[in-house]
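Colleague: I am new to this structure and should like to learn how its features are read. May we begin with the core?

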Amino acid sequence: MSKLEFKQVTRNFGANKVLRGVNMTWEAGQLYGLLGRNGAGKSTLMKIVNNRLFPTAGKVLLDGKSVTENADAQNRIFLMSAAMLYPGDSRIEQLFTLTREMYGSFDDELAAHLAKAFGLDPHQRFRKLSTGYRTIAKLIIALCVPCEFVMLDEPVLGLDANNREIFYQELANTFASKPRTFIIASHLIEEIENLVTHVFVLDGGTITLDEDVADLTAKGRVVTGPTALVHEWLGGTCTLREVALGGMLTAYTLDAPLEKPVPAGVTVGGMDLQQMYLELTRNGGEVDEA
Ligand SMILES: Nc1ncnc2c1ncn2[C@@H]1O[C@H](COP(=O)(O)OP(=O)(O)OP(=O)(O)O)[C@@H](O)[C@H]1O
């Protein structure tokens, strides 16, 4: 099984230390969410995998071999992003042909199905499309390339709610019928929560969370009650954040001592992925200069 490994991947832009030793592994046949605040370095990371940028230090390995200036590896990796440009006056169908020439094959049947589902006429010129339809054209290409690792950087940028729903459904369908690895960088966590099986959070230049969604949602708890009682029940367990209001406390935790009886006056509720992500990255975002 193929895998992509990040080993201490570091990237500076002058004094701006964006990636500070990223370690993670993308396995074959997975649907990953890559989460992080604006400016956390998600696009930078994806561009490094795709050779649009090079690391200051560290490596990205595909099946043990560096992806840097490695044409064989690059043929197995695809990046869809807002920055993707296409030559001048090309029609969508010409872009499909161009992609086939570059990557060796292209799923014409799926492309025709997706164009119909989204209501995109492949004879149209890319340049003349609206922002949303340009994204749709790029998404169709990303779902039809024969690559084993497909990175989607903000895939629903400019898409209305109906088209976002079509995209999530079609992605789930194509993933089920032909498993490959998708990595989705998105801010719309509640929309991808039911789609992705594993999430990475990039914060402060490193991966601060690397967990299966099912494990996370099983573990996340919001504990509310009188401060002393909440602290007593938690008994020193690690919390993501505590918010005090008057004598009451709300604590967010992934380590609640669920085996202990909950004292009267304390409530323990679930925490969804969006809430967990907010608590994990509350002080993150743009990396401060060291
Ligand atoms: N080519 C570049 N030259 C200089 N700085 C850059 C360059 N590309 C990215 N940066 C900086 O790197 C940091 C991370 O940017 P990046 O676009 O990777 O973040 P992101 O997580 O994708 O953000 P967003 O969610 O807002 O798209 C930012 O501070 C950005 O200004």
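Modeller: The largest nonpolar core has 70 residues, of which V49, I140, A142, M151 and I184 touch the most other members. Such a core is a set of buried Ala, Val, Leu, Ile, Met, Phe, Trp, Tyr and Cys residues joined through C-beta atoms within 7 Å; buried means that 20 or more other C-beta atoms, placed from the backbone, lie within 10 Å of the residue's own. Helix α5 (residues 131-144) gives this core its largest share, nine residues; helices here are DSSP runs (H or I, at least four residues), numbered from the N terminus. This is a predicted model, where local features need pLDDT of at least 70, side-chain atom pairs count only at pLDDT 80 or more, and totals for chains, interfaces and linings use all residues. Residues are numbered from 1 along each chain as its sequence is written.

Colleague: Which residues is A142 in contact with, leaving aside its neighbours within four places in sequence?

Modeller: Contact requires C-beta atoms, placed from the backbone, within 7 Å. For A142 the partners are F78, M80, V150 and L152.

Colleague: How should the shell around the ligand be read, and which residues come nearest?

Modeller: A residue is near a molecule if its C-beta atom, placed from the backbone, lies within 6 Å of it. Twelve residues surround the ligand, and F13, N38, K42, S43 and T44 come nearest. The largest share of the shell, three residues, comes from α1.

Note on methods. Buried ≥ 20, exposed ≤ 12 C-beta atoms within 10 Å, placed from the backbone. Helix = DSSP H or I, 4+ residues; strand = E, 2+ residues; numbered from the N terminus. Contact = placed C-beta atoms within 7 Å.
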